[in-house]
Protein chains: 2
Amino acid sequence: MKHRVEKTALNMRAVAERAGVSSATISRVINGSSAVKPETAERVRRILKELNYIPNPIATTLKYGRSNTFGLIVPDLVNPFFPEFLLAFEQVLVENEHELLLATTQSNEAKLLTSVRRMLMRQVDGVVLMGSEYETRAVEPLFERRIPIVTLDRRRVQPGTGDVSFNFEGGYLQAVEYLYGLGHRRMGFLGGTKGIRTSEIRLAAFQKALEHFGLTYYPELIREGDYRVDGGEAAMVSLLDAARRPTAVLTVNDLTAFGALRALHERGISVPGDMSVVGFDGIQMGGAVSPQLTTVRIPAREASQACIQVLGRLRDNITRRGMSVSIDVEFMVRRSTGRAPRVRAR
Amino acid sequence: MKHRVEKTALNMRAVAERAGVSSATISRVINGSSAVKPETAERVRRILKELNYIPNPIATTLKYGRSNTFGLIVPDLVNPFFPEFLLAFEQVLVENEHELLLATTQSNEAKLLTSVRRMLMRQVDGVVLMGSEYETRAVEPLFERRIPIVTLDRRRVQPGTGDVSFNFEGGYLQAVEYLYGLGHRRMGFLGGTKGIRTSEIRLAAFQKALEHFGLTYYPELIREGDYRVDGGEAAMVSLLDAARRPTAVLTVNDLTAFGALRALHERGISVPGDMSVVGFDGIQMGGAVSPQLTTVRIPAREASQACIQVLGRLRDNITRRGMSVSIDVEFMVRRSTGRAPRVRAR
DNA sequence: TCCGGTAGAGTAAACGTTCTATTGGAGAGA
DNA sequence: TCTCTCCAATAGAACGTTTACTCTACCGGA
């Protein structure tokens, strides 16, 4: 006798046999679809519980080519915002009885291609693409197979895709308003990587916020970063060389702000005594450092819900018009911001 | 005509037709399984590429009840070590042509039950269980269905399970050795939650390290924490009340160390001037705070590989003896440790 | 010529679910 | 009794892949 893997767990037919009905009836009871005599249904339900039946969605996926799975492609998990989004995304999916397929690309095109292939193989019903920049060529197969795509903060849509972005204008407006109220008039900005669309959008939002309060925008107080700690540190160090320093700096994200804090701490510049610092993202770690970071929180859960909602609509509607959603952010005052110092000398 | 979902993408039979062979031959070419005439194989391969064929592993899963998927159940992603492990785990899986099924439990038993159910529905070939404590009852269904289980740092195995743990003894030994070399003789310890096995193991490892260097273990310099920042901060604050303070503190993990740093910073106690602090885990963020945290790094990639290897063995072997693997850790000197202060007065 | 071996390829069933088409009765009306 | 309608439930095909079994053609040896 050949070696055979023990298999064939408990399936609908076995349940059906036990209940003295056909597998179709079991299916109907489980899905509550069509007319089943109440007493039959009750009996079936009892037996399902008794046998501890667990359905096999794989079979359904095979039959319909739909997996109730959404893919999430992230560049990496180094930026803590990504895991926090992932966590929320997974929770929302599970609440909606969907599954998650996670792929990381390390900002590497070959891995992006692999990720897309995995998505296709696993018959995902839609894909969320984090990281504002990506190769169009690599995601082409998704378009070809009409898989709905939602990007995060890409600010661009095509037919069959959606975009969920964050309200940077609102966020920086609240932050600037708060700092203005504390007497700050001279604010710097530690930005993102040059040439990336979202960097420009964030900087523009900062500038607009200044204008809204009649504050001067000083180009010499603007620095480039790279969305990471090191870039933020370097940007802050460079900013400290300015002829007249700002009394507060806003940043493009929390990691950049962490870099700024480190630069300031190492130079003995007190935060918030001598300088106020504001982050953006609202990652958990912001509450762990000292001083705790004042920041603008991006609500990961709402963003996840928006992504899933948009994916659902794109899947159901053949209209396939692109959809844009903007998520409101929330200013969080913590300890890295305070009154503007009275006198500032270099 | 009924509404019908556009489906039936490109399957083996279509490729077969195009190549003038049967689907069996296509399958054989793809899997390199049995004798196919080289020229036929070549022609098939060309057509596969030409048609851009993507296989559907769902069908295979249905047939064999094996999905080439490993599940990962984590309590949450708040502790940055978890996402870092997750990232490594995903990468290693993809390299080995496996898939990941992620589930988070928020340390909530109902969600753990749901997670286990998801694992079973998706026909996973094995499950990695993070978080050293879990309800045995909740994972019972995995045992019943003979799904291999690997726990992380649980230090206990049963038939059909494995455990991957970390070499705390080695880690604390290196840390204490380094501090000893810097002149520290009086070391404190900020531990984990009481009553958890791994907390005891870590504390014992610290104690053993002290003994190894002939140092005194001062019970009054030991505090409980909760593996989180707040717990670490409270523990540090309490430790500062000690009649004679230590010159260095070791901690149960990096978050605890962050809490300690925050407590010290807020009280104007210089690190490492007045007090040295050592973390454990080696999370990325340790390099972002100021001062950068000296710590003991747990290599997430090696741990992931070990988990996957053990799961593979458990799946293949019917022997099903429990397996234990210990992962070596690596001491990383950064900026939160320095020479012991000459004179210490309260 | 016949037999057996072999290379190469094809046939068809199976996995678990869903749903269309169909069947079996029961009841009602003629 | 026959026919029609309606309710409940069943039979069976389909999804895409793999593989045990089968088939064919060819070759060599007796």
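Q: Which helix gives the most to the surface near DNA strand D?
A: In this predicted model, 29 residues surround DNA strand D, and the closest are A:S22, A:K63, B:M12, B:A24 and B:A59. Helices supplying at least two residues each are α2 (23-31) and α4 (57-64) of chain A, plus α1 (12-19), α2 (23-31) and α4 (57-64) of chain B. The top contributor, with six residues, is α2(B).

Q: How many charged residues does the surface near DNA strand D have?
A: Sort that surface by class and you get twelve nonpolar and twelve polar residues. What remains is the charged class, and its count is five.

Q: What about DNA strand C: which helix gives the most to the surface near it?
A: Around DNA strand C there are 28 residues, with A:M12, A:A24, A:A59, B:S22 and B:K63 coming nearest. At least two residues apiece come from α1 (12-19), α2 and α4 of chain A, and from α2 and α4 of chain B. By class the surface splits into twelve nonpolar, twelve polar and four charged residues. Giving the most, with five residues, is α2(A).

Q: What relation links chain B to chain A?
A: Chain B can be laid on chain A with an RMSD of 0.1 Å. Doing that takes a turn of 180° and a shift of 0.0 Å along the axis. So the relation is that of a two-fold axis.

Q: What percentage of the contact residues of chain B recur in chain A?
A: The contact takes 44 residues from chain B and 44 residues from chain A. The same surface serves both copies, and the share that recurs is 100%.

Q: Which element of chain B supplies the largest share of the side that touches chain A?
A: On chain B, the elements supplying at least two residues each are α4, α5 (81-95), β2 (99-104), α6 and α11 (254-266). That side divides into 25 nonpolar, ten polar and nine charged residues. The largest share is seven residues, and they come from α5(B).

Q: Are α6(B) and α7(B) roughly parallel or roughly antiparallel?
A: Helix α6 (residues 109-121) of chain B packs with helix α7 (residues 136-144) of chain B, their axes 9 Å apart. The angle is about 10°, and angles under 35 degrees count as roughly parallel. That makes the pair roughly parallel.

Q: How many charged residues are in the contact of α6(B) with α7(B)?
A: From α6(B) come B:E109, B:L112, B:L113, B:V116 and B:L120, which meet B:A138, B:V139, B:P141 and B:L142 in α7(B). Eight of the contact residues are nonpolar and none is polar. The charged count is one.

Q: Are α2(B) and α3(B) roughly parallel or roughly perpendicular?
A: The axes of α2(B) and helix α3 (residues 38-51) of chain B lie 10 Å apart, at an angle of about 90°. Contact is made by B:T25, B:I26 and B:V29 of α2(B) and by B:T40, B:A41, B:V44 and B:R45 of α3(B). Those residues divide into four nonpolar, two polar and one charged. With that angle, the two helices are therefore roughly perpendicular.

Q: What is the radius of gyration of chain A?
A: Chain A has twelve helices and twelve strands. Its C-alpha atoms fill a box of roughly 90 × 45 × 40 Å along the principal axes. For 346 residues the globule rule gives 20 Å, and chain A is well over that, so it is more spread out than a compact globule. The radius of gyration is 26 Å.

Terms used
Residues numbered from 1 in each chain as written. Chains lettered and ligands numbered in written order. Predicted model: local features only at pLDDT ≥ 70, side-chain atom pairs only at ≥ 80, totals over all residues. Axes fitted to C-alpha atoms, helices over the stretch in contact; angles between N-to-C directions. Helix = DSSP H or I, 4+ residues; strand = E, 2+ residues; numbered from the N terminus. Parallel < 35°, antiparallel > 145°, perpendicular 65-115°, else oblique. Contact = placed C-beta atoms within 7 Å. Nonpolar A, V, L, I, M, F, W, Y, C, P; charged D, E, K, R; others polar. Near = placed C-beta within 6 Å. Least-squares fit on C-alpha atoms with pLDDT ≥ 70 in both. Rg over C-alpha atoms; globule rule 2.2 N^0.38 Å.
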